[in-house]
Amino acid sequence: MKRYRIEARWSLAVATTKEETRPVRSTIAFGLTLMLALALAACSSGGASPTPSASTAPPATGAAVTIVDFAFQPADLTVKVGDTVAWTNTGNAPHTVKWDDGTPASDRLTEGGAPYERTFDAPGTFTYVCGIHGSMKGSITVTE
Ligand SMILES: [Cu+2]
């Protein structure tokens with residue numbers, strides 16, 4: 001008997017507040033939809049992130065030397081076999097990269113100009129100087 005009473009009361013309450021419950025219900029439904037959409041967006045972005053990092057991993061074989069204030073920075077750099085090193089001049093004076101191993105020297109590197117690149121296919125230490133300013137020295141150590 002008690003059970004019936006409670007049910008009757010509840011249905012009465014729903015009946016009287018029917019107009020009020022409707023907008024609340026649709027708001028809740030909208031909120032749930034939004035949460036679901038956000039959860040899905042979070043899932044898809046979380047699933048997408050490993051893909052770019054995997055694709056960016058293989059070409060990460062470059063290294064850079066910047067020519068600043070009549071100096072190679074870093075002066076000594078260690079890279080892996082197969083890596084390409086790029087030299088960029090950021091100063092007003094022109095510089096070159098002249099190799100001690102007989103590899104042809106770079107063209108004159110000027111500020112804002114294209115970088116000079118060399119790819120190292122064998123291990124060893126490759127020393128160089130600036131062909132214009134002999135006191136500017138640097139080396140690339142290539143490891144397996
Ligand atoms: Cu120089």
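# Reading a predicted model: core, sheets and turns

Modeller: Let's start in the middle of this predicted model. Its largest nonpolar core has ten residues: Val65, Ile67, Phe72, Val85, Trp87, Val97, Leu109, Tyr116, Tyr128 and Ile140. Strands β1 and β4 each supply at least two residues of this core.

Colleague: Before we go further, what is the order of the elements in the protein chain from the N terminus on?

Modeller: The order is α-α-α-β-β-β-β-β-β-β-β, that is, three helices and eight strands. Of the 144 residues in the protein chain, 11% are buried.

Colleague: And how should I treat the confidence scores? Over which residues is the pLDDT below 50?

Modeller: Begin with the whole chain, then look for weak stretches. The average pLDDT is 74, and 58% of the residues score at least 70. Residues 4-60 are the stretch with pLDDT below 50, and beyond near neighbours in sequence they have one contact in the model.

Colleague: Now the sheets. Which strands stand at the edges of the sheet with β1 and β4 in it?

Modeller: Read the strand order from one side to the other. This open sheet of four strands runs β2-β1-β4-β6, and its pairing is mixed. The edges are β2 (72-73) and β6 (116-119); each has a single partner strand, so one side of each is left without a neighbour in the sheet.

Colleague: "Mixed" is new to me. In which sense does each pair run, parallel or antiparallel?

Modeller: Take the pairs one by one. Strands β1 (residues 62-67) and β4 run parallel, joined by six bridges. Between β1 and β2 there are two bridges, and those strands run antiparallel. Strand β4 (residues 84-89) also pairs with β6 in the antiparallel sense, over four bridges.

Colleague: Can we follow the partners across the sheet? Which residue of β4 stands opposite valine 65?

Modeller: That is tryptophan 87. Still in β4, alanine 86 stands opposite glutamate 117 in β6, and threonine 84 faces threonine 119 of β6.

Colleague: Where do the side chains of β4 point?

Modeller: The general idea first: in a regular strand, side chains alternate between the two faces of the sheet. Strand β4 shows this pattern: Val85, Trp87 and Asn89 point to one face and are buried, while Thr84, Ala86 and Thr88 point to the other and are not buried. Val85 and Trp87 also belong to the core we began with.

Colleague: Isoleucine 67 is in that core too. Which residues are its bridge partners in β4 and β2?

Modeller: Its partner in β4 is asparagine 89, and its partner in β2 is phenylalanine 72. Leaving aside neighbours within four places in sequence, isoleucine 67 is in contact with Phe72, Trp87, Thr88, Asn89, Thr90, Gly91, His95 and Leu109.

Colleague: What about the backbone angles between β1 and β2? Which residues there have a positive phi?

Modeller: As a rule, most residues other than glycine have a negative phi, and most peptide bonds are trans. Here, aspartate 69 has a positive phi of about 50° although it is not a glycine. It belongs to the hairpin of β1 and β2, which has four residues between the strands. Phenylalanine 70, in the loop between β1 and β2, has a positive phi of about 55° and is not a glycine either.

Colleague: Is aspartate 69 buried or exposed, and why?

Modeller: Count the C-beta atoms around it. Aspartate 69 is exposed, because 8 other C-beta atoms lie within 10 Å, and the cut-off for exposed is 12 or fewer. Phenylalanine 70 has 13 within 10 Å, so it is partly exposed.

Colleague: You mentioned trans peptide bonds. Which peptide bond is cis?

Modeller: Look at the bond from glutamine 73 to proline 74: it is cis, with omega near -5°. Proline 74 sits in the loop between β2 and β3.

Colleague: What is the strand order in the sheet that contains β3?

Modeller: That open sheet of four strands has the order β3-β8-β7-β5, with mixed pairing. Its edge strands, β3 (76-80) and β5 (98-99), each pair on one side only. Five bridges join β3 to β8 (residues 137-143), and the two run parallel; threonine 78 stands opposite threonine 141 in β8.

Colleague: One last residue: what does valine 129 touch?

Modeller: Valine 129 is found in β7 (residues 124-129). Not counting residues up to four places away in sequence, valine 129 touches Lys98, Gly134, Met136 and Lys137. It is partly exposed, with 19 other C-beta atoms within 10 Å.

Note on methods:
Residues numbered from 1 in each chain as written. Predicted model: local features only at pLDDT ≥ 70, side-chain atom pairs only at ≥ 80, totals over all residues. Pairing = 2+ DSSP bridges. Buried ≥ 20, exposed ≤ 12 C-beta atoms within 10 Å, placed from the backbone. Core = buried A, V, L, I, M, F, W, Y, C linked by C-beta atoms within 7 Å. Contact = placed C-beta atoms within 7 Å. pLDDT = per-residue confidence, 0-100.
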